[in-house]
Every structure is written in structure tokens, then in C-alpha cells.
Amino acid sequence: MITAGTKPDAAVVRDALGVGIAVGLSGFAFGVTSAGSGLSLLQTCALSLLVFTGASQFALVGALAAGGNPYTAAAGAFFLGVRNSFYGLRLSQLLALPRAVRPFAAQWVIDETTAVTLPQPTRRAARIGFTVTGLTLYVLWNLTTLVGALGAEALGDTGAWGLDAASPAVFLALLAPMLRTTTERVTAGLAVVLALGLLPLLPAGVPVLVSALAAPVVLFVKGRVKGPDPRNAQHDENAPRTRGTKGATGSTTITPEDGR
């Protein structure tokens, strides 16, 4: 019997498998793109095994393919991956996994597992969603990366296929529903404008780094527009002062002092 506020395990597994399979298959696109960028089969597979965050992997190989500096490419990938540490702060409280398991679970803290885990109504459902999504996605992503890297030569010009857009498109599809407030939407929009606007002006990989400035800029402007919290404001010196007088019944009557 399912009570209010719970979710059947089968439903959680179904949702998790749907996300894991759909996104995991796009590892093929990464394998093809990485191999087409000049990385070896070993390097390509190592990225998926060890880094395992699609947007960062595509940012790295994309910058390298465009002739960017390896250090700049790595920095852009790193800053894209930093978001996972913030996911981890929330998921660690929600999942409450044993200490021995946490280092292994950290490898699966990515956009997709977070998107499946957070909406779950119970800790049990959250753990199932996180585990099934992470396991399915990790296995499929690495298998399809291998297949894609091996098949890159047969595809010829990998850039003509547009496969490098597959993973970023999935990432944006997962991100869009999470932008619920005006501040979040404005920040995301400004980041896109910065990245696209600076793309022809700066070396490959640098526009992604600069787009991170969108967050502090939007927060600063929001603070300036909103102004100080009226609850913390000082007493207005121009406000009329009042004094109290006692009437015959003993009650206090408040009368303004100004203009008496």
C-alpha cells in the first residue's frame, strides 16, 4: 500500500533508467568528438572513466580541437565541473550515505543524478534514484565512449555530423526546468550572451571562464536595485515624533508633536 508522500520503487527505477539510458547513449558523441579532436583511444576512455561529467569533457576536447591552450582548456573544464561540488553538498544531506560509500558515490554526483534524486519524496526513493541513474549512466557512457572513439575513423569528418552538440543539448534540457526564479534566468541568459559574444574575440576555452562572471554581476545589480532592507533601516529623522498622554480612564493617547 502506498501512502501519501511516497513513491513506488518501480516508478523511481523507471524514471532513473529513462534518464540514464537517454543521456548515456550520448557518450557515443563524446567518443567520436574526442577522437576527431586528436585524442587517443586511451585518453578518450580515461576522460569518461575518471572525469565523468559530459559538459566538462566536451568543453575540454572542443577547446583542444579549436587549437586552444591545453591549460586554458583544462581550466574551462574544471570550472564547469565545480558545479558538481555544490550538488554534492545538497545530496550528502539528502542521501546520508555511510562514510565508506561516499568516495565512490562522489563520482556519480552529476547533473543527471541530481535532477533525478532531488524531487524524490523519501530518502529511500532518493537513494534508489541516485544509484540507478548513476550506475546506468556510468556504464552506458563509458561503453558508448569506447564505441564512438573506435568508430570515429569510419565516420570521417566528425564535425560535419554535429555530434559535439548532443551532450550540451541534454545538459541544457535538464537545466532549463531548474531555472525557476528571475535571478536564475537572468544569470543563465547573461552567461550565454557573454560566452557567445566573446567566442570570436578570445582563445578557445576562455569565454566559458568569463561567462562565470554573470553570477556576481547579477547579484550585485540585484542588491543595488533592491536597496537596503526596510526592516534594518534607521529611524527616519523627518518622521513626526509622537508623545503619549494619559486620559481620564488611564489609557494612553498618542498625539503627534510636530505641527501642534
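The crossing of helices α4 and α5 is right-handed in this predicted model. Helix α4 spans residues 54–65 and helix α5 spans residues 70–81, and the two pack at an angle of about 165 degrees with their axes 8 Å apart. An angle over 145 degrees counts as roughly antiparallel, and α4 and α5 are therefore roughly antiparallel to each other.

On the α4 side, the residues that meet α5 are Ala55, Ser56, Ala59, Leu60, Ala63 and Leu64; their counterparts in α5 are Pro70, Ala73, Ala74, Ala77, Leu80 and Gly81. Sorted by class, this contact of α4 with α5 comprises 10 nonpolar and 2 polar residues, with no charged residues.

**Aromatic pairs**

The structure holds 4 aromatic pairs. Two of them are set out below.

| Pair | Distance between ring centres | Angle between planes | Geometry |
|---|---|---|---|
| Phe30 and Trp141 | 6.2 Å | 20 degrees | stacked |
| Phe52 and Tyr138 | 4.8 Å | 80 degrees | edge-to-face |

The planes of Phe30 and Trp141 stand at 20 degrees, so the pair is stacked. This pair links distant parts of the chain: Phe30 belongs to helix α2 (residues 27–36) and Trp141 to helix α9 (residues 123–155), with their positions 111 residues apart in sequence. Both Phe30 and Trp141 are buried.

The planes of Phe52 and Tyr138 stand at 80 degrees, so this pair is edge-to-face. Here, too, distant parts of the chain are linked, since Phe52 is in the loop between α3 (41–51) and α4, while Tyr138 is in helix α9, 86 residues apart. Are the two partners of this pair buried or partly exposed? Phe52 counts as buried because its relative accessibility is 3%, whereas Tyr138, with a relative accessible area of 21%, is partly exposed.

**The cluster around Phe58**

Which residues do ring pairs link into a cluster? The members are Phe30, Phe58 and Trp141. Phe58 is part of helix α4, the helix that also packs with α5. Its relative accessibility is 6%, so Phe58 counts as buried. Phe30 and Trp141, the other members of the cluster, are likewise buried. Phe58 also has a C-alpha to C-alpha distance of 8.0 Å to Thr33, although the two residues are 25 residues apart in sequence.

**Backbone at Phe52 and Ala96**

Most residues other than glycine have a negative phi. Which residue in the loop between α3 and α4 has a positive phi? Phe52, which lies in that loop, has a positive phi of about 50 degrees although it is not a glycine. This residue is also the buried partner, at 3% relative accessibility, in the edge-to-face pair with Tyr138.

Ala96 also has a positive phi of about 50 degrees and is not a glycine. Its position is in the loop between α6 (83–95) and α7 (102–105). With a relative accessible area of 30%, Ala96 is partly exposed, whereas Phe52 is buried.

**The chain as a whole**

The protein chain has 13 helices and 2 strands. Of its 260 residues, buried residues make up 30%. Among contacts in the protein chain with a separation of 6 or more, 67% are between residues 24 or more positions apart.

Definitions and conventions:
Residues numbered from 1 in each chain as written. Predicted model: local features only at pLDDT ≥ 70, side-chain atom pairs only at ≥ 80, totals over all residues. Heavy atoms only, no water. Axes fitted to C-alpha atoms, helices over the stretch in contact; angles between N-to-C directions. Helix = DSSP H or I, 4+ residues; strand = E, 2+ residues; numbered from the N terminus. Parallel < 35°, antiparallel > 145°, perpendicular 65-115°, else oblique. Left-handed = near helix turned anticlockwise from the far one by under 90°. Contact = heavy atoms within 4.5 Å. Nonpolar A, V, L, I, M, F, W, Y, C, P; charged D, E, K, R; others polar. Phe/Tyr/Trp six-rings, centres within 6.5 Å; stacked < 30°, edge-to-face > 60°. Buried < 20%, exposed > 50% of the residue type's maximum accessible area, 1.4 Å probe, protein only.
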